[in-house]
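Reader: I am new to reading protein models, and I would like to learn how the usual words are earned. Could we go through this one together?

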Amino acid sequence: MATTSTPFDHDYRPSYLAAAITSAAVFVLYVLTLAPTTAMWDTSEYITAAYTLGLPHPPGNPLFVLIGRVFAILPIASTVAVRINLLAAICSAVSAGMWFLITERVLVSWFVERWQRILGGVLAAVIGATAFTVWNQSVVNEKVYTVSLMGIAIISWLMVRWCDAPDGRKADRILVLVAYLSGLGYANHMAGVLAVPAVGLAVLIVRPRYIVPTVATVVVLGIAYALAGVNPVLAAIVGIGGMVGIWFVGRGKPESDPAGAFHSRFSVLFACVVALGFGITPFAIQPIRAAHFPAINEGEPTACRMGLATQCTFSKGTYDAFMYNFNRGQYGKPELSERQAPFSAQIGMWWLYFKWQWLRDAHNDNVLWQSILSALFLMLGLLGGYVHWQHDRRSFAYFGSLMFTMSLGLIYYLNFKYGASQSPELAGVAREVRDRDYFYLWSFSAWGVWAALGLVAAWDSVASLIGRERITVGRETTERPTRSALAMASPLLALALIPLFTNWTTASRAGQTDTLDFARDLLNSVEPYGVLVTVGDNDTFPLWYAQEVEGIRKDVVVANTSLLNTQWYTRQLIRRPVFEYDAAKGPSIYRGKSWTKPTSPLVQMTPEQADSVPDYMQIDRPMNFETGQIKATIDPQRLSVPNILQRADIFVLKIIAESMKDRPIYFSRTSAGYGTELGLGSYLLTQGLASKVFIPPAVAGRDTLLVPGYGWLDLNRTKTLWDSVFTGQKALEKRNDWIDRPSVGIPYLYVATGLMLSQVLQATGDTAAATRILGDSRRIAQGVRLDDILAELREASASRGRSVIPSRYRSLDSLRSLGMTGCRFASPHPRISSSPRPDLDVSEIHLVPMILQHDVPRAALRVPGHRVELRVGEGRVDARGTELVLHHLHAVEPVLAVVADEDDPRVVPLPDRREMLVGARHEHVVQRTRTMRRQLAVGVAVVVDHLILEADRRV
């Protein structure tokens, strides 16, 4: 039954105090779950760049670096990492406040009472702030996206205000401010201009008289942009001259005159273009700062090679270097017309990440609930978009356009490959090296506005069924739910709290120190003044952070193979000073010895000479590499790209040849078989998490062992590092999960190291230490959810630490005689269903490392006189002569192994992939699909182990 209430008037005043309180509450949530130090992927790079006022990877993000540097020196926390992580938390909390204000404003024409609108704003802030990706990125400064989010949210609030009064006193100022903020946003990240299309469309819809001036502006700037690649000076003359010329059209005439009205609107657009350009000016610091050669100087956008100077700074060389960096030329991304995956699959990637926002189910333990919740929040958002359009079409012109730009528009523009976790059943498709959900952070955060509007609409509808009353607003009389009805329907609003509870454990980074611990452990695996060769982001960026921010082991030179393919990086390595080794702060295992500080550069080349090294060399036959007592043969078929010796390979070999006499040279064990690819497998000695290039002894000793499947092992050094130096094991044991599966290779390295160490200690009679270290490996595997490895560890534990190395090969001489490298042994696998031929000579089995083919790894297992077939999950295995090749591997456990005669007719030729070298830089050759390498090593090792056991039984 409806009753009549007293008249009301709309109150359009924003609730800034309530928005501030909401932002503060969100900030407290983020602080409670804040990362205490750095994290995987780009976190270390950006924190280090901010601290050193350096240049992160192209285009360099100068605004973030400036803001981050300010936060790095503010006395607001005990460590640099926490200070910069707080920057991410503050930015996201401010964004939540903006979404609050926008939601409240949309509800003005719908709900008369302020408390109802405030409640709607709180719902929007909570939903958007606790979506998984938003939350997870807000508690560590992995990249620049939270700063971009804040900029987009502030622009959105300004545009909603502009839509309220497009002819108001402040309307033109708002547009100029929006343009300036967009320019600043671009100086932070290209996503800063995501709001610009929505701004333009909203202006044209709400005020159509902007159409003609806008068309004129677009034409002039379009011509200038087209000329920029031909002659920058001419482009500037055309752009500036054209804009000024148009500005004079109608100047001095009243706005009632068509020419005067055109001039008035064009003046605003002209001011907006100037403000946008002024906002981008932080990029001007890059050539200046690059010429000072900071520790992080990616891209090096300057022609100055000896320091800052006017002549080289204002030169064509600097302009070309800057534009190459600005346009991210080193990544070689294809044109939009060249789709890297079907558009439907790219939408499918967004949908996968959308499902993560409401329940991050990394191991598919709650698939049904995740589907239900994603459907719920999708429907709430769509309903919210509909009621937004229904109740406030002016602001919908902007916000609806923004949501389209940040979803479908962004999906098309980013043009991603299949996601790392997307459709795992698909074989042979090119995939991103990691999940890219952070690129859609803006849409997931803003979705909270529409989801809240949809939830409020549902709440209002349910309450209306319970009880209604008539109210008069101005001259209109409408019906609304009574307060008691709203109270009875209020439990429905608790749906907004779902992501808060479902994402708490997965989004939180509280207490996670494993990345810094890993960096410290890897650096401490290297002897003083050593060179450490790494291959990707996660085994390089944390080391930069540890060295430059924490001051850990700066004496170690980190040489990343992907970056060695660029000229600027090799110049930086040549310029890098030799830092003094601090024995007091270093591990105790290096004390009591004399470590000579090198006096020569890493390679005997000038920067100009380094620039002249070609991008690659083609080799069609085995190539000998000799330096001192090292005599290695490089098999062109074992290289990452067959028959191609890349620039990075050339420099690594040159470093070994010219610096080994002065410096210990190491390969990070995250590089899988990279050292073996260069023919150095028999010259590598495992010490902790790294492998040292060394001269093997004639006979294995007590501590220097040759272990089947592992190669040479410094047993005493590795055990001492594990027991007395490493801290990563404890940090990993405390992890409840490892959500980011593409980076799980880092904890896997600890598990594999512990397993190897345990097996060798057991074989040499140290049962107590073997059992203890095996327990460490098991707890790490449990802490990061390496379920496949846990099965092996449980089996080893059940056998009371019994070594899985066959007894025939447990003596040192027998271990040496086996001569096998490149895979690790595993316990006998129950799914191996066939037996090898009785005449098989196990000592002639050789493993060939993986190479890159269509972004998919392959490996070879050569058994002279036989054909070997191994089926792995849904993968396909082909044979070519005696070479085993795995295609499209995406599973771990082998299903079947068969050894047959070589005359088996099933032969599939392999395609030539040399052309993959073109544009292969940061994400292709660099990553080397490390996780799949390790998975493959497990599968191949099981087969080899089976063959050895068969031979052992024959003996």
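Author: Gladly! This is a predicted model, and we can begin with two helices: H1 passes H4 in a right-handed crossing.

Reader: What makes that crossing of H1 and H4 right-handed?

Author: A crossing is right-handed if the near helix is turned clockwise from the far one by less than a right angle. H1 and H4 cross in that sense, so their crossing is called right-handed.

Reader: At what angle do the axes of H1 and H4 cross, and within what distance do they come?

Author: The axes of H1 (residues 16–32) and H4 (residues 80–106) cross at roughly 145 degrees and come within 8 Å. Two packed helices are described by just such an angle and distance between their axes.

Reader: How do you know which residues of H1 and H4 meet?

Author: Contact means heavy atoms within 4.5 Å. On the H1 side, the residues that meet H4 include Tyr16, Ala19, Val26 and Phe27. From H4, the residues involved include Leu86, Ile90, Gly97 and Phe100.

Reader: How many residues of this contact of H1 with H4 are nonpolar, polar or charged?

Author: There are 15 nonpolar, four polar and no charged residues. Gly counts as polar here, so Gly97 of H4 belongs with the polar ones.

Reader: Why is Ala195 called buried?

Author: Buried means under 20% relative accessible area. Ala195 has 0% relative accessibility, so Ala195 counts as buried. Ala195 lies in helix H9 (residues 195–206). Leaving out residues up to four places away in sequence, Ala195 touches Ile155, Tyr398 and Leu402.

Reader: How far apart are Ala195 and Ala153, in sequence and in space?

Author: They are 42 residues apart in sequence, and their C-alpha atoms are 9.1 Å apart in space. Over the whole chain of 955 residues, 59% count as buried.

Reader: What makes E11 and E14 a pair of strands?

Author: Two strands pair if at least two bridges are found between them. E11 (residues 684–687) and E14 (residues 711–714) have two bridges, so they count as paired, in the parallel sense. One bridge partner of this kind is Trp712 in E14, which goes with Leu685.

Reader: Which strands pair with E14 and E11 in the antiparallel sense?

Author: E13 (residues 704–707) pairs with E14 that way over four bridges, and Val707 stands opposite Gly711 there. E11 pairs with E12 (residues 690–693) in the antiparallel sense, again over four bridges. In that pairing, Leu684 has Val693 as its bridge partner.

Reader: Why is the pairing in the sheet called mixed?

Author: The open sheet has seven strands in the order E5-E4-E10-E12-E11-E14-E13, with mixed pairing. For example, E4 (residues 531–534) and E10 pair in the parallel sense over three bridges, while E10 and E12 pair in the antiparallel sense over three bridges.

Reader: What makes E5 and E13 the edge strands?

Author: E5 (557–560) and E13 each pair on one side only.

Reader: Which helix packs on the sheet, and which strands does this helix touch?

Author: Helix H29 (residues 715–725) packs there, touching E10 (665–668), E11, E13 and E14. The direction of H29 makes about 55 degrees with that of E14.

Reader: Which residues of E10 point one way and which the other way?

Author: Ile665 and Phe667 point one way, Tyr666 and Ser668 the other way, and all are buried. Two of them also take part in the pairing: Phe667 stands opposite Val533, and Ser668 has Ala690 in E12 as its bridge partner.

Notes. Residues numbered from 1 in each chain as written. Predicted model: local features only at pLDDT ≥ 70, side-chain atom pairs only at ≥ 80, totals over all residues. Heavy atoms only, no water. Axes fitted to C-alpha atoms, helices over the stretch in contact; angles between N-to-C directions. Buried < 20%, exposed > 50% of the residue type's maximum accessible area, 1.4 Å probe, protein only.
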